[in-house]
Amino acid sequence: SLTIGIVGLPNVGKSTLFNALTKNDVLAANYPFATIEPNVGVVGVPDGRLAQLASIFSSERILPATVDFVDIAGIVRGASEGEGLGNKFLANIRESDAICQVIRAFKDENVVHVDGKVSPKDDIETINTELILADLQTIEKVLPRLQKESRIKKDVAPKVKAVEEAKEILERGDTLSSQGILQGSERAELLHDLHLLTTKPFLYVFNVDEDELTDEDFKNTQRALVAPAEAIFLNAKLEADLAELDEEDAMELLESVGAEEPGLATLARVGFNTLGLQTYLTAGPKESRAWTIPKGATAPEAAGVIHTDFQKGFIKAEVISFEDLVETGSVAEARAKGKARMEGKDYVMRDGDVVEFRFNV
Ligand code: GDP
């Protein structure tokens, strides 16, 4: 499955946040025998629709979609040159599908900042510079060979052009994902086998003091630093506390700081989106469940997520939109009112589809 790598300078609250993430581990709760890597936290994507489905179908349990967060230690200034845990760090980050930067905004004098002052803008620049330098190194290694090759093989020319363009962007100090050059997916494909770090989507977690959680001016200033990437505001210590509490006490604590949901819930939802994922729903007496598919997946591809045999033997999918199902109150009623659609193999799944697949075995 797709993963989000958590990176950030030392002492910004990564471990605190990651501890909260692993305490929230939905795998541990739902699959007690699953093997979980020590540096992976699997978080449920909150989805209020599942509880509604569970009540319509009297489901025994609810299984939300999940996002995997990987704790990647070791970014410091000079990481791209192998400082600290540099090389291991770069290898780990290469394996992630998106990058979540934890940025310190909390002010606590007792917690030393590596650069001596709390400055989200400088910290973001430090991290992005390391990632950009690592990509430039990769490019400088392959570009001469590609240029030579393209003198003999004409079909290499588009790749050379894509790599040269990427180099220019990086030399200007911009990340590749921020420049929209990957929008045309042909370019993305040409660059794919270079595994460049800054082509990955980024999201930013600002670890803020509690009183800043509701400070819209402050948050807008930080948002502007990272736009169009997503910014999430949370207090890592508060998240760690929330993860220890039962639901009622957690709600009370959240209310006391003026927050509507735990920061981890927001993080899971935004992270899921950043990875380009969406869900469809299945429901029955055993469970109500959200299944993860890439945006744009077809019905047979969606069926394949449940079981490869479902995809191979796919006949059709009976689809009811979540809204129609809630309005009619049952599958039988939805069918009677003509709200159940039979979709074939070319159907592109929509968010909120409640599905039952028909297949040959
Ligand atoms: P890491 O090096 O990025 O993994 O940072 P840690 O999670 O180890 O946190 C570094 C120090 O900052 C620890 O003493 C934490 O207790 C403290 N810390 C983490 N998050 C917060 C926060 O939101 N507010 C305050 N005041 N301290 C925090």
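A residue counts as buried here if 20 or more other C-beta atoms lie within 10 Å of its own, and as exposed if 12 or fewer do. The model shown in every view is predicted.

**View 1. Helix H3 has a buried side and an exposed face.**
Helix H3 spans residues 48–57. Its residues Arg49, Leu50 and Leu53 are buried. These residues lie on the same side of H3, because the arc they cover around the axis is only 100 degrees. Gly48, Ala51 and Ser55 are exposed and sit on the face of H3 turned away from the buried side. Several elements cover the buried residues of H3. Among them are two strands, E3 (61–63) and E8 (277–283). Strand E9 (287–294) and helix H14 (322–328) also belong to this cover. Serine 58 follows H3. The phi of serine 58 is positive, near 50 degrees.

**View 2. Strands E8 and E9 form an antiparallel pair.**
E8 and E9 are paired over 7 bridges. A hairpin of 3 residues joins E8 to E9. Alanine 283 stands opposite serine 288, a residue of E9. E8 is mostly covered, with 6 of its 7 residues buried. Both strands reappear from View 1, where E8 and E9 help to cover the buried residues of H3.

**View 3. Residues 276–359 carry the UniProt annotation "domain: TGS".**
The annotation comes from an unreviewed entry. Helix makes up 31% of the span and strand 39%. The C-alpha atoms at the two ends of residues 276–359 lie 27 Å apart.

**View 4. Fifteen residues surround the ligand, with 3 of them supplied by helix H1.**
Gly13, Lys14, Ser15, Thr16 and Asp108 come nearest to the ligand among the 15 residues around it. H1 gives the largest share of the shell, 3 residues. H1 and helix H9 (236–244) each supply at least two residues of the shell. By type, the shell holds 5 nonpolar, 7 polar and 3 charged residues. The UniProt record, an unreviewed entry, places a "binding site" at Asn11, Val12, Gly13, Lys14, Ser15 and Thr16.

**View 5. Glycine 13 is buried, whereas serine 15 is partly exposed.**
Both residues are among those that come nearest to the ligand. Glycine 13 is found in the loop between strand E1 (3–7) and helix H1 (14–23). Glycine 13 has 25 C-beta neighbours inside 10 Å, so it counts as buried. Leaving out residues up to four places away in sequence, glycine 13 touches Val102, Arg104, Asn207 and Ala236. Serine 15 lies in helix H1. Serine 15 counts as partly exposed because it has 16 C-beta neighbours inside 10 Å.

**View 6. Proline 262 is buried in the loop between helices H10 and H11.**
Helix H10 covers residues 247–256 and helix H11 covers 263–274. Proline 262 is buried because 21 other C-beta atoms lie within 10 Å. Leaving out residues up to four places away in sequence, proline 262 touches Glu239, Leu242, Ala250 and Leu254. Leucine 238 is 24 residues from proline 262 along the chain. The C-alpha atoms of proline 262 and leucine 238 are separated by 8.9 Å.

Technical notes. Residues are numbered from 1 along each chain as its sequence is written. This is a predicted model: local features need pLDDT of at least 70, side-chain atom pairs count only at pLDDT 80 or more; totals for chains, interfaces and linings use all residues. UniProt positions are given in the numbering used here, feature names are shortened, and annotations may be inferred rather than shown by experiment. Helices (H or I, at least four residues) and strands (E, at least two) are DSSP runs, numbered from the N terminus. Two residues are in contact if their C-beta atoms, placed from the backbone, lie within 7 Å. The arc is that of the directions from the helix axis to the C-beta atoms. A residue is near a molecule or strand if its C-beta atom, placed from the backbone, lies within 6 Å of it. Ala, Val, Leu, Ile, Met, Phe, Trp, Tyr, Cys and Pro count as nonpolar, Asp, Glu, Lys and Arg as charged, and the others, Gly among them, as polar. Two strands pair if DSSP finds at least two bridges between them.
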